[in-house]
Amino acid sequence: MASVRRIGILTGGGDCPGLNAVIRAVTKSAIFEHGLEVVGINEGFGGLIENNWRLLGDEDVSGILPRGGTILGANNRDNPFMFRTISAEGAVTYEDNSGAAIANLEGMGVEALVVAGGDGTLSIARKLHEKGVPVVGLPKTIDNDLHGTDVSFGFDSALHTATDAVDKLHTTAASHHRGMVLEVMGRNAGWIALCAGIAGGGDIILIPEIPYTFEKVVRSIEERRSRGKRFSIVVVAEGAPLPSGEKVHRAGPGGEKVPGGVGERVAEAIGEMADMDTRVTVLGHLQRGGSPSPFDRILATAFGTAAVDLAVAGRSGVMVALRNMRIDAVPLEEVVPGQRKVPADGELVSFARSVGASFGD
Ligand code: F6P
């Protein structure tokens, strides 16, 4: 008989394809493999603070494997350690509500909590673990920027979307002899841009980790022209600063600055300097939606079942990871804080250079 009888699951931060596959894997393996009960906490850490939860049975997770999003809801605002409240007058204050959140978990009868999230969510998971809550993390982000794992679930599906966009832009770019700039997500890391650039055969790849100049970008465009290629595909990561070092942002909720808009600036500059007709596509949240790829479904299933095994074994403060194609557990303090960047002199960059991609450097 396992000492853990009831397990909780929560999906925090932004959503991504594969969250439902993870919820399904956790629920089914908890019920069928270990005879546990499963509590689904709604709306990320918001639900933990507001005691918003439900029991999950096999029937609740049936058919959700291929579905995008999360049946539990997610939010990237609520943090039990810095809970935001807005007064009637509109004044914003933050308070530590972790005590109430932990009391709610006890009230739910949750003896181990599985938390799927990126670095923000897993930082909160780490703090809960330090306060004595048994917690196992799952690496979730399309940005692929978590330390401790070779890949996070959601990334491969986003990469499919971004690669499909590069493929589609190729045919129209070639017909019109245009410069096509594709801006992809990734926050401060260039994994999506780099990998979609390689997978789609992008000509110029601009990522935050490799400083570039417009002169070098234009030189690549001209060099392609000299070989009879009158179009160019530029894949730019939303977090890539301009050559001046300026980070391009758009206004987010509450005046917050969120990355976005660099594609437009790059297109303007190269259009003028290379005398080229350019167009911009900002892929945006298409990368977060839709059905998970087969790889993400398998990864989410492996991660979810491994998380339950770890929780049942009494492990806490760890995140399930994929390292060298094996499922592993890494301490949360190795995972957060901080983001895993593309190594500028790493193999992937070198493969891309070998087939003629330019990084504008
Ligand atoms: O971290 C995932 C991510 O999609 C980033 O790539 C992007 O910058 C950000 O979230 C967008 O967040 P939101 O959905 O809050 O606009």
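**Figure 1. Salt bridges and polar contacts between domain 1 and domain 2 of the predicted model.** Between domain 1 and domain 2 there are 4 salt bridges, a salt bridge being a side-chain nitrogen of Lys or Arg within 4 Å of a carboxyl oxygen of Asp or Glu. Asp-15 and Arg-288 form a salt bridge through their side chains, at 3.0 Å from N to O. The two domains also share 9 residue pairs in polar contact, both residues at pLDDT 80 or more. A polar contact is a pair of N or O atoms within 3.5 Å; within protein, one must be able to donate a hydrogen and the other to accept it, and residues adjacent in sequence count only if both atoms are side-chain atoms. This is a predicted model, in which local features need pLDDT of at least 70 and side-chain atom pairs count only at pLDDT 80 or more, whereas totals for chains, interfaces and linings use all residues. Residues are numbered from 1 along each chain as its sequence is written, and side-chain values use heavy atoms, with hydrogens and water left out.

**Figure 2. Area buried between domain 1 and domain 2.** Domain 1 comprises 6–153 + 292–323 and domain 2 comprises 156–289 + 343–354, with bounds from an automatic or database domain assignment. The contact (heavy atoms within 4.5 Å) takes 13 residues from domain 1 and 13 residues from domain 2. About 1,100 Å² is buried between the domains, 48% of it from carbon and sulfur atoms; buried area is the accessible area (1.4 Å probe) that two parts lose on being put together, summed over both. Within domain 1, Pro-17, Ile-142 and Asp-143 lose the most area to domain 2, together 44% of what that side buries.

**Figure 3. Residues around the ligand.** Residues with a heavy atom within 4 Å of the ligand include Ile-142, Asp-143, Glu-238, His-285 and Arg-288. Polar side-chain atoms of Asp-143 and His-285 lie 2.6 Å and 2.8 Å, respectively, from an oxygen atom of the ligand. For Glu-238, a side-chain N or O atom is 2.5 Å from a ligand oxygen atom.
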